[in-house]
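Open the structure in your viewer and keep the selection tool ready. Each stop below gives something to select and says what is there.

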Amino acid sequence: MSLSLVGIISIQAYYINDSVKNEKERFKSNVVTVLNNVSNTIEENEYEKYFAEYLGLDREKKADEDAVSQLLIYRKNNSTKETLIYKSNVLEENYKLSSSLFDIGLDSLDITNIIGNSSTEIYSDLGATEKDLKSPITNIIRSGTIDEAQKLNFKKNLKEIFRSKPVHKRVSEEEIRTLLSEKLKKYGVDIDFEFAIYSNDLATKVSSDNFENIKNSTFSVPIFYDENNQSLYKLLVNFPDDRKFILSSIMSMILLSIIFTSIIILAYSSALFQLVKQRKISEIKSDFINNMTHEFKTPIATINLALDAIRNPKVIDDKDKVLRYLGMIKEENKRMHAQVENVLRISKLEKNELNISKDRVKLHDLVEDAITHVELIVEDRQGYIKTFLDAEKSSILANETHFTNVIVNILDNAIKYSPNAPEIEVYTENVGNNILLKIKDHGSGMSKAAAKKVFEKFYREHTGNIHNVKGHGLGLAYVKRIVEDHQGYVSVESEKDKGSTFIIKLPLIS
């Protein structure tokens with residue numbers, strides 16, 4: 001599952017990265033296409049402007065020189081006996097015009113006017129000498145200026161002359177901005193941009209306010225080619241928000257990928273957590289069954305032995321021995337009953353089925369009552385329980401039976417985990433509107449890891465394979481649930497081989 005999850009995430013990361021690269025390439029391609037388009041448009045607009053002015057000039061001025069080129073085609077069709085003669089003439093008239101008309105800073109400008117003239121004549125069965133005497137069957141004559149030829153010639157002359165004209169006089173910042181904005185939108189690139197025209201890598205006067213020539217993020221194309229099809233100028237454009245724009249085009253895919261991957265990771269983490277939890281619960285249940293088996297094994301064995309002893313004819317007539325064995329049976333039965341009650345009680349607590357009624361009681365009275373339940377055991381082991389009940393106020397809202405059991409459970413724990421004679425101190429003190437109850441022992445203590453889990457159901461710190469400490473891991477879980485039901489808080493401070501201190505914090509009532 002882990003390998004599959006890593007594989008899925010890796011594949012998604014690869015495709016997202018690939019998509020980003022493709023979007024970058026598409027963005028770059030669109031921008032370069034737009035820049036070339038704008039560059040060509042600016043040049044065409046310039047030529048069209050001056051060519052229109054040229055066409056509007058007075059042509060009555062006599063040409064400085066002219067030249068005629070002629071093409072003659074003579075073809076005879078033997079089947080129809082017809083002769084076709086095609087003539088084509090091109091007249092080139094060269095003028096010198098004042099350059100002030102075009103504001104180019106030169107004295108004069110060479111302009112060529114190109115006029116085309118062509119005729120097609122068809123004769124019927126003529127000899128070489130007769131064709132000059134007879135009229136042709138068909139005579140088609142065409143004449144007029146050749147605009148495309150003139151325009152090409154005009155462009156060539158302008159390119160040569162405009163090399164020396166400053167670029168800011170050839171194109172305005174506003175014209176570039178308008179063209180770029182219009183054409184970028186057509187290609188779906190609707191974001192802010194900055195532009196400039198550079199000459200030999202040096203900035204010119206044509207530039208937007210915030211343009212910065214950043215190598216990796218600036219696009220450039222040549223502009224204003226000369227007559228040799230070379231350019232000194234470059235049109236540069238960059239986009240401050242290009243990264244955001246590129247990512248926005250695939251953002252929906254990225255978000256969906258993140259959402260679905262997160263769901264998979266969440267589900268996977270949950271499955272792992274449940275597996276670990278179930279394994280832990282299984283181990284805890286196994287420990288619980290082992291402990292409970294041990295807890296019941298001893299009383300059952302004792303009861304069986306006592307019953308066997310009573311059935312002995314020598315013992316059955318001895319009243320004192322019978323009463324003694326019956327007392328043992330009763331005590332062991334009470335012990336098993338207490339175990340079952342503890343299990344049922346914690347189960348009811350978890351299901352919120354345990355009805356806990358609360359009354360005004362004195363915590364000090366509950367402490368004294370709980371101590372009486374265990375003081376005989378402590379005395380039997382040559383230990384002691386000392387009380388330091390320094391709290392001036394001890395009235396709390398509590399269930400007398402359950403809260404007494406809470407204190408008894410903690411005291412019982414302190415006795416169990418004291419390898420030597422139990423030495424226990426009980427303290428109370430007021431802190432604000434609360435009362436603190438501290439039960440301190442000098443027993444074996446516990447590790448920090450155990451202190452964090454000691455209030456969990458069925459948890460018992462491992463003490464090896466020997467059952468030198470009897471229990472089932474429910475006592476402190478019961479303590480925690482009852483204290484919390486009383487709006488209180490319970491914690492433990494412990495150090496290995498130095499004892500433990502259980503602290504219960506409860507709200508006072510006035």
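The tour goes through strands, turns, salt bridges and surface patches of a predicted model.

**Stop 1: strand 5**

Select residues 194-199, which make up strand 5. Are the residues of this strand buried or exposed? Six of its six residues are buried, so the strand counts as mostly covered. In a regular strand the side chains alternate between the two faces of the sheet. Here E194, A196 and Y198 point one way, while F195, I197 and S199 point the other way.

**Stop 2: the neighbours of strand 5**

Now add strand 8, residues 231-238. Strand 5 and strand 8 run antiparallel and are joined by six bridges. Pick Y198 and find K234, its bridge partner in strand 8. Then add strand 6, residues 202-207. Three bridges pair strand 6 with strand 5, again in the antiparallel sense. Y198 has a bridge partner in this strand as well, namely A203.

**Stop 3: three residues with positive phi**

Select N200, in the loop between strand 5 and strand 6. These two strands form a hairpin with two residues between them, and N200 has a positive phi near 50 degrees. N200 counts as exposed because its relative accessibility is 54%, and the cut-off for exposed is over 50%.

Next, show strand 7, residues 218-225, together with strand 8. Seven bridges join this antiparallel pair, and V221 stands opposite L235. The hairpin of strand 7 and strand 8 has five residues between the strands, and N229 in its turn has a positive phi of about 60 degrees.

Then go to Q382, in the loop between helix 8 and strand 10. Q382 is not a glycine, yet its phi is positive, about 60 degrees. Its relative accessibility is 65%, so Q382 counts as exposed.

**Stop 4: salt bridges**

How many salt bridges does a search of the whole structure find? The search finds seven; three of them are worth a selection here.

- Select E23 and R26, whose side chains meet in a salt bridge at 3.1 Å, N to O. Both lie in helix 1, three residues apart, about one turn of the helix. E23 counts as buried at 17% relative accessibility, whereas R26 is partly exposed at 46%.
- Select K358 and D485, where the closest N and O atoms of the salt bridge are 3.2 Å apart. This pair links distant parts of the chain, 127 residues apart: K358 is in the loop between helix 7 and strand 9, and D485 is in helix 11. K358 is partly exposed at 27% relative accessibility, and D485 is partly exposed at 30%.
- Select D412 and K416, which form a salt bridge with the closest N and O atoms 3.5 Å apart. Because they are four residues apart in helix 9, about one helical turn separates them. K416 is partly exposed at 32% relative accessibility, as is D412 at 26%.

**Stop 5: two surface patches**

Turn on the surface and select D359, D365, E368, D369 and E400, which gather in a patch of negative charge. Which helix gives the most to the negative patch? Helix 8, residues 363-380, does, with three residues. D369 is in helix 8 and is partly exposed at 31% relative accessibility.

Last, select M251, L255, L256, I259, F260 and I263, a nonpolar surface patch with about 550 Å² of accessible area together. Within this group, F260 lies in helix 5, residues 251-311, and counts as partly exposed at 48% relative accessibility.

Definitions and conventions: Residues numbered from 1 in each chain as written. Predicted model: local features only at pLDDT ≥ 70, side-chain atom pairs only at ≥ 80, totals over all residues. Heavy atoms only, no water. Patch = residues over 30% accessible without salt bridge, like charges linked within 9 Å, V, L, I, M, F, W, Y side chains within 5 Å. Areas by Shrake-Rupley, 256 points an atom, 1.4 Å probe, with all protein chains shown as cover. Salt bridge = Lys/Arg side-chain N within 4 Å of Asp/Glu carboxyl O. Buried < 20%, exposed > 50% of the residue type's maximum accessible area, 1.4 Å probe, protein only. Lys, Arg positive; Asp, Glu negative; His and termini not counted. Charge placed at Lys NZ, Arg CZ, Asp CG, Glu CD. Pairing = 2+ DSSP bridges.
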